[in-house]
Amino acid sequence: MISIRQLEFSYSPAARPVLKGIDLEIPENALFGLLGPNGAGKTTLLSILAGLIPCPAGCLFVDGRDMSEADNRSAARLSLVPQEYAFYLPLTVRENLTFFAGVQGVPKAELGARIHEAAGQTGLEGRLDSRAGKLSGGLKRRLNLAIGLLNRPRLLLLDEPTVGIDPHSRHFILETIRQLGRNGTTVIYTSHYMEEVEELCDQIAIMDHGQILRKGTLTELLAEAPQNTRRRESTLESLFLDLTTRGLRD
Amino acid sequence: MGVMKALIRKELLLLLRDPHGLLLLFVMPAVFVLIMTFALQNQYAMSSDVHLDFYLLSEHDSGLSRAFARDLANTSPLNRVPTEAGWEEMQALAQADEVKFLVRIKPGFDDLLIQRQPAVEILFAPGTSPVFASVAEGRVMELLNRLYLRYRLASMPGVQSSLEAQGEDLLETRSLYDDSGAMPSSVQQNVPAWLLFAMFFIAVPLSTTLINERQQGTLLRLRSMGIGPVKLLAGKVVPYFVVNLVQVVVLFLIGLYLIPLLGGDKLTLGAHPEGLILVSVAASLAAVSYALLVAQITSTIEQATIVSGVFNIIMAALGGVMVPSFLMPETMQQIGSFSPMAWGLNGFFDILLRNGTVTDTLPEVGALLGFAALMLCLTVWRYRRRAAEHG
C-alpha cells in the first residue's frame, strides 16, 4: 500500500541530509514498527508521510498515488497521532472531538456518530464531558488516539503513543491498535519500547542516521540478532543496540 | 461544520475558559477607564466643579486692596477659603494640601501697584499642578492689571464705566466641537485611550494559545489535517477581531452610561459615529496582526507575555494613552506619532473630539491597515520559516 522510493531529505540545501535513500514497502493492513534512536530520522519520515514536510515527486506512493500531489494526499485518509497531548486541555473531551472532527470536514449529520465511535474505540464514552486537562495520563493518551480516529483513517501514524502511562492503559491502547489493524487500518508505529513493537508489529524497520539499517518480519530480524548477554537469547533490543551502536544519544 | 466555524468556536471557548485573559481584556480596561476618567476629570473640564482653593492674607488696608481681595474671591475658578490663620500657619496648611495656593497683599499695596512693583505674593502648595498654577497666576495678574488701569483712568470721564465691565462680557467663547455646545472632557480622552490599550493586549491570550498549540503538537496535528497557514491564521484573526469589537462596545457603553451614572461626564460620540466603527475595525486588525507576530517571534508563553507587555506599554506611553499627547513636549509628540496606538487614538479623536467625518479618519485608518498588512506579512513569513525548520 505504501511505497517509499529513494527518499532523500535535508532541511536546507546546505544542511546534512536527515534522510538518505529510504526504501520501504509497507503492505496494506500492516502493523509496521519503525525503530531508531533519537535523531535517527523517524520523526522526519513520519512528518513526510503526514504531509507536514512536502516530499519530492516520485518518492512516496500510497495505493500507487504520488503523495507529492495535494489531491492524492487528501484522498489517502491518513491520520497522525503526535507524541504530545495534541489537543486543548481547557476543553472537554467532547469539545475536543467536535473541534477536530469539524476541521476535518466531518458533516454535521455524522458528527455525533463519529464522536461516539472514536470515544467507544478508546473507552472514553463515560468521560465525554470531562475537561481534558483533568484526565489522567492514560485517558489523555486515549483522547490523543481518539482524535486520530475521527476521520476513520486508512493509514494511522502513531508517534510513541504509550509514553508515560500505566500498564492497564498501555495494554488497552495496544489492544485498540491491534483491533484497528484487524479492521483494515494500516498502522505505522514508532516507539522506544522494544517489547511493545515485538508484541504488536508484524513488520519492523530499524533506522539510524537517516538510513534504514534492517527491515523485515520479527522472525527475520531475530534471526540475525546477537544474544542478549543477560537473557541469553536473541531479542529485538539486542539487534537494535548492535545496529545503532551502544553509545548514548542526545 | 465548516473549518472556519470550528476554528473560531474553539478559540472563543478557549478564551471563555481563561479567566486571566478575560480579566486582562475586559476588567482591566474598564477599571482603567473609570479610574482615569474621574482622576483626570478636573484636568480637562474647567467647569464650575473645579475650585482652586486659596487663603488670602492682606497686610495693607485700602480701597484698592479691598477691591482686589473682593474681586479675587469672585473670580472663577478661584475660591477664597476664609481663615484667621497667620502667614506662617497658612504656609503649614498649604503644605498639608488644605489649599492650592496662598495670596499675600503686601504692605504698601497701592504704591507698589502704581509703581508697577510686585504688590502681591503667591505661594503655591507643593502638589498644585502647573496647569492650575498658571490659571491662578493668570487670574491674579489680570485682576492687578485691571485695578491698575482703573486707578490710572479713574479721573477720565466716560471711561470708568467701561472698565467696570467683566472680562467675560468682552470675550465671546465658542467651541469648534459641535453646535450643541458640548465640550470635550476626560471621558472623551480616556475611553478610546484605554480601549486601544486593551485591544492591543489581546497579544497575551492569542500568543498563549498559539504557543501552547505549537508546544503541544496541536499545530502539527492541525497541519497534518490539511489546515494551511492562511486558515490557521484566519482562525485566530476572526475570533480575536470579534473580541476586539466586543471590547469597543463594552467600553463605549461604560462611557455612555456607567460613567454618567457615577457622576462623571457622558461620552459624546460626535456627529459622525460611523467613523468610530471604521477606526475600531482598523485598530482591531492592527492589534490582531501584531499579536500574531508576537506569537511567531517568541518561543515560550513567558517570552510572549513579556514582549507584548513591554511593547504595549511603550506604544501606550508614546501614543498618548497614559499621558495625553498635548501634555508632551514637541519632540515626544513627534516620537509618539510612530505608535500605532497614537494612530488609533487620533482616529477616535477625529470623531470624538474634533467632530470630524469618516473622511477625516482615513489617514489614521490607512496607517493602521498598513501596519496590519506589514505585521501579517511578517507573521506568514516567520510561520513558514518555522514550519520549514521544524517540520
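Q: Not counting residues up to four places away in sequence, which residues does B:P229 touch?
A: In this predicted model, B:P229 has its place in helix 13 of chain B, which covers residues 229-261. With a relative accessible area of 21%, B:P229 is partly exposed. Once residues up to four places away in sequence are set aside, the residues that B:P229 touches are B:Y383 and B:R384.

Q: What separation is found between the C-alpha atoms of B:P229 and B:E121?
A: Along the chain, B:P229 and B:E121 are 108 residues apart. In space, their C-alpha atoms are separated by 71 Å.

Q: Of the residues of chain B, what percentage count as buried?
A: The secondary structure of chain B comes to 18 helices and four strands. Among its contacts between residues at least 6 apart in sequence, 76% join residues at least 24 apart. Chain B has 391 residues, and the share of them that count as buried is 47%.

Q: Which kind of aromatic pair do B:F32 and B:F197 form?
A: A search of the whole structure finds 15 aromatic pairs over all chains, and B:F32 with B:F197 is an aromatic pair with 6.3 Å centre to centre. An angle over 60 degrees between the planes is the criterion for edge-to-face. The planes of B:F32 and B:F197 stand at 75°, and the pair is therefore edge-to-face.

Q: How many residues apart in sequence are the parts that the pair of B:F32 and B:F197 ties together?
A: B:F32 lies in helix 2 of chain B (residues 19-39), whereas B:F197 lies in helix 10 of chain B (residues 186-200). B:F32 counts as partly exposed at 29% relative accessibility, while B:F197 counts as buried at 4%. Because the two rings sit in these two helices, the pair ties together parts whose separation in sequence is 165 residues.

Q: Which helix of chain B holds B:Y290, the partner of B:F200 in a pair that links distant parts of the chain?
A: B:F200 and B:Y290 form a tilted aromatic pair, with 5.7 Å centre to centre and 55° between the planes. Both B:F200 and B:Y290 are buried. The two residues are 90 residues apart, with B:F200 in helix 10 of chain B and B:Y290 in helix 14.

Q: At what distance from the ring centre of B:Y148 does B:R116 lie?
A: Two arginines of chain B can be described by the rings they lie over, and B:R104 lies over the face of B:W87 at 5.6 Å from the ring centre. B:R116 lies over the face of B:Y148, where the distance from the ring centre is 4.2 Å.

Q: Within what arc do the buried residues of helix 5 of chain B fall, seen down the helix axis?
A: The buried residues of helix 5 of chain B (residues 87-95) are B:W87, B:M90 and B:A94, and what covers them includes strand 1, strand 3 and strand 4 of chain B. The face turned away from this buried side carries the exposed residues B:E88 and B:Q95. Seen down the axis, the buried residues line one face of the helix, because they fall within an arc of 55°.

Q: Which residue has its backbone oxygen 3.0 Å from a polar atom of the side chain of B:Q188?
A: B:Q188 has its place in helix 10 of chain B and counts as buried, at 0% relative accessibility. The side chain of B:Q188 reaches the backbone nitrogen of B:T268 at 2.8 Å. The backbone oxygen that lies 3.0 Å from a polar atom of this side chain belongs to B:L352.

Q: Which helices of chain B are included in what covers the buried residues of helix 3 of chain A?
A: Helix 3 of chain A (residues 93-103) is mostly covered, with ten of its eleven residues buried. One of these buried residues is A:F100, whose contacts beyond four places in sequence include B:T218 and B:L222. The cover of the helix includes helix 4 and helix 5 of chain A, together with two helices of chain B, helix 1 and helix 12.

Q: Which helix gives the most residues to the largest nonpolar core?
A: The largest nonpolar core has 122 residues, and those that touch the most other members include A:L97, A:F100 and B:F200. Apart from this core lies another, of 34 residues, with A:I2 and A:L46 among them. The helix that gives the most to the largest core contributes 13 residues and is helix 14 of chain B.

Notes. Residues numbered from 1 in each chain as written. Chains lettered and ligands numbered in written order. Predicted model: local features only at pLDDT ≥ 70, side-chain atom pairs only at ≥ 80, totals over all residues. Heavy atoms only, no water. Phe/Tyr/Trp six-rings, centres within 6.5 Å; stacked < 30°, edge-to-face > 60°. Buried < 20%, exposed > 50% of the residue type's maximum accessible area, 1.4 Å probe, protein only. Lys NZ or Arg CZ within 6 Å of the ring centre and 35° of its normal. Arc of directions from axis to C-beta. Contact = heavy atoms within 4.5 Å. Polar contact = N/O pair within 3.5 Å; in protein donor to acceptor, adjacent residues only side chain to side chain. Core = buried A, V, L, I, M, F, W, Y, C linked by side-chain atoms within 4.5 Å.
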